[in-house]
Amino acid sequence: MFEFKNIVLLTNKMEPKNYSHQGTKSSYLFVLFHTNVAISYDGQEYFHSPKDSVIVYEPNTMQYYKNIDSSFRNSFLALEVESEYFEQFNFSLNKLFIIPPIYSERIFYYMDRLSYIINTPYAKELVEDVPKFIEQIFNLLDEAYTFSVKNIKLENPLFVTLFNIKNKMIDDPIKFTTKETSRLFGYSEAYFCKKYKQFFGTSPSQDRKKLIVNIIKRYLETTDFTLEQIAEKCNLSSLPHLISMFRSQEGTTPHQYRIAFKKKISSNDFE
């Protein structure tokens, strides 16, 4: 039930030599570095930030950059959100870390799609996808951080295959059931689930359930669809199935969630 506000995003931004930036008072800033650069923040000495390194700055953080190569590029996402949002992740704020290239490419893919929606006037009909893409960026970032901390090498062709299949499911969890994704994998469903859990620490059905619950939440927040209509749109077998799935993930019913969300929005509007 977190709300993302005042979103600013640019991809492949060229920075001038000795660039400095004062973080805005209320915005968090996620930066993905595409080239080598030396960075400093909050009075620290400059240190090397290699390609595919990332950082999430807290609001009001002073940042400085210096060229290591002839020029440097980055992509960034600035947004306002409650500080509690970041408590769910393992990565630390204001701490640089390197992510595997396969994650960097996928995060950039979502950033590029976000940039298109936010910065293109005739793409405003896609604005409802913005929270989903932001969440996917930070979920991928957290997953990449976990692999980096554990120093797990991801060159395994089997991992690359599973990673690409997983992202198909992330993009369309309603279509890509466990059976459908195992078919893409080319092995039995049982072997697919075993290898998926081995790499990602959870089952494909658990991940898919979370993704579908997020879709349900967006419908509850942004539409007046009945629960029956939402169940149909999510291709769920029945209303009790939807309610049970939602309660298991959120600890509340869809109806109670919708009421709480509307109260929160009304309270914010009043303030």
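Trainee: In which sense do strand 4 and strand 5 pair, and over how many bridges?

Mentor: As a general idea, strands of a sheet pair through backbone hydrogen bonds, either parallel or antiparallel. In this predicted model, strand 4 (residues 37-41) pairs with strand 5 in the antiparallel sense, over 3 bridges. At the level of single residues, Ile39 has Phe47 of strand 5 as its bridge partner.

Trainee: What is the order of the strands in the sheet, and which strands are at its edges?

Mentor: The sheet is open and has 4 strands in the order 2-7-4-5, with antiparallel pairing. Strand 2 and strand 5 (47-49) are the edge strands, each of them pairing on one side only. On average, and with direction ignored, neighbouring strands of this sheet are turned by 30° against each other.

Trainee: Which element has the lowest mean pLDDT, and which the highest?

Mentor: Where pLDDT is low, the predicted coordinates should not be read in detail. Among the elements of the protein, strand 2 (residues 19-22) has the lowest mean pLDDT, 73, whereas helix 7 (residues 227-233) has the highest, 96. For the protein, the mean pLDDT is 89, with 95% of the residues reaching 70 or more.

Trainee: Turning to a single side chain, is Glu135 buried or exposed, and which residues does Glu135 touch?

Mentor: A residue counts as buried when its relative accessible area is under 20%. Glu135, which is placed in helix 2 (residues 130-149), has a relative accessible area of 18% and is therefore buried. Leaving aside residues up to four places away in sequence, Glu135 touches Phe4, Tyr85, Asn214 and Arg218.

Methods. Residues numbered from 1 in each chain as written. Predicted model: local features only at pLDDT ≥ 70, side-chain atom pairs only at ≥ 80, totals over all residues. Heavy atoms only, no water. pLDDT = per-residue confidence, 0-100. Helix = DSSP H or I, 4+ residues; strand = E, 2+ residues; numbered from the N terminus. Pairing = 2+ DSSP bridges. Axes fitted to C-alpha atoms, helices over the stretch in contact; angles between N-to-C directions. Buried < 20%, exposed > 50% of the residue type's maximum accessible area, 1.4 Å probe, protein only. Contact = heavy atoms within 4.5 Å.
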